[in-house]
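User: I would like a close look at a single part of this model, with its strand partners and side chains taken together.

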Amino acid sequence: MIHEELVGAPGPRERWAFATLIDQARVLVADAAAADAVQARWDPAELAFGVAHGAVTVGPGVLGPILEVAGTEAEYASPLRDQHGRVPSRANPQVVRGLERSLPGASRTADLWQALQRAAGPRPLRRVAAWPAGHSWAVALSHDLDIVTGWPLFAAARWLELLRKGEGRRAVEAVRAGLGALGQQPVRRGVHRLLGAEERFGFRSTWFVLAGHPSLGTWLRGDVTYRAEAPGTVALIDSIRRGGHEIGLHGSFATRESTDAFAVERSRIAAITGSPPVGVRQHYLRLTPGRTLRAARTAGFEYDSTLGFADRGGFRLGTADVLAAWDPERLEPVGLDEVPLVWMDRALSKYQRLEDPNRWVADALDLAATCRQAGGLWVGLWHPNVVPALGFPGADLAFEQLLAGLGEADPFVGTLGEMVAWRRARRGLRGSVLPDGRTVLSEAGPGRWAATVQDEAGRLQPSVIWSEVRDG
């Protein structure tokens, strides 16, 4: 185990980066009663991990990249913006270095664990298992409900997009599918098809719903296009909730820097579902580093899932896991969690000009394999309007292929809210080791999941919680 304090840390930046490092490494933090634990010390000259008897040293060489990428400090400092006011992917350090499809954080946590093993000597080391019930990695699917009404307008815009790309054959297929859907409700049917496929494959997902006020201006900007309280929207939300899925807020453009707008839209979702949503994802992934997350936290949200690339798949924060978010403007923790988006369908079709849905699935599964190897969390976004009638021939079958491929490697599957609940509880665990080798944990874990611990060799270790020690 390791003591939580980074001795000699010059400020909150280094303390946050160190806490993020040991959280990602799954090292069990020693509680107040555990004197026999490895100490961590700050050394401004350290470029890697220094090792001494009973101590490891870290410095800017280790913590600096965490702040730069996971802490979004590099993006915050960039003056670049794209046509939607977003920090473009080319300003991200991962993209600059050609590493956006890799996980440098995984090698960093592996190096920390090796340094701890060298420094520990006879001191016991424990890691918390990555995910519940013996799963070695996790998958969370999500859907942004961008369209409910006015589908012919979106279909026509999509036909033009295909023609501009020289995809004449697909455009003809899309027009044929769209004309065949006249008088029907293809968006509603698309939602129910996704729900049915997820039920068959054992997935539960998170659905982000727009709750701003639609107007001609919001339609023209591609912002809010439907009323959350409209009977058709409420019926869709009810169907989603009956399947055990989570409802989150899809923050309108107005929420980007407005706590008041966040609060109003959150209350509108609460009025429909009976409880306020805990998660948010910004529409078009429009986010100002630090400021938008701070506004979301003030409005009562517990997590955000916006920080992914709009134009490609990959790891914008250099990790595939839930992070305690950092505010690069105020240089302090935000107080909510970030669940980075790893992959989405429209990044491939709109920006990468890949119109074959089978290639989308191959790209998604390639990134999922990277997450699996690192014991991380793959977060994917499939839009419910990506259906043949709205200009995406073959997409409905491809979604089922995606579910089948993701499920083959036995991930822990759940909603984004459940991923955050698990990771918060895992992050908060504290413990010590009894003379008989049992690990005493401060608590058992969230809800129906029990936390398990592993020794230096990765073997599961017997553990008890504080109440059992006191009562026994």
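In what sense do strand 4 and strand 5 pair, and over how many bridges?

Analyst: In this predicted model, strand 4 (residues 50-52) and strand 5 pair in the antiparallel sense, over three bridges, and Val51 stands opposite Val56 in strand 5. The two strands form a hairpin with two residues between them, in which Gly54 takes a positive phi near 75 degrees. Strand 5 also has a parallel partner, since four bridges join it to strand 3 (residues 38-42), and here Gln39 is the residue that stands opposite Ala55 of strand 5.

The side chains of strand 5 (residues 55-58) can be read against this pairing: Ala55 and Thr57 point one way, Val56 and Val58 point the other way, and all of them are buried. In a regular strand the side chains alternate between the two faces of the sheet. Ala55, opposite Gln39 of strand 3, and Val56, opposite Val51 of strand 4, thus point in opposite ways from strand 5.

Taken together, strand 5 is joined to strand 3 by four bridges in the parallel sense and is paired with strand 4 in the antiparallel sense over three bridges, while the positive phi of Gly54, near 75 degrees, belongs to the hairpin that strand 4 and strand 5 make.

Notes
Residues numbered from 1 in each chain as written. Predicted model: local features only at pLDDT ≥ 70, side-chain atom pairs only at ≥ 80, totals over all residues. Heavy atoms only, no water. Buried < 20%, exposed > 50% of the residue type's maximum accessible area, 1.4 Å probe, protein only. Pairing = 2+ DSSP bridges.
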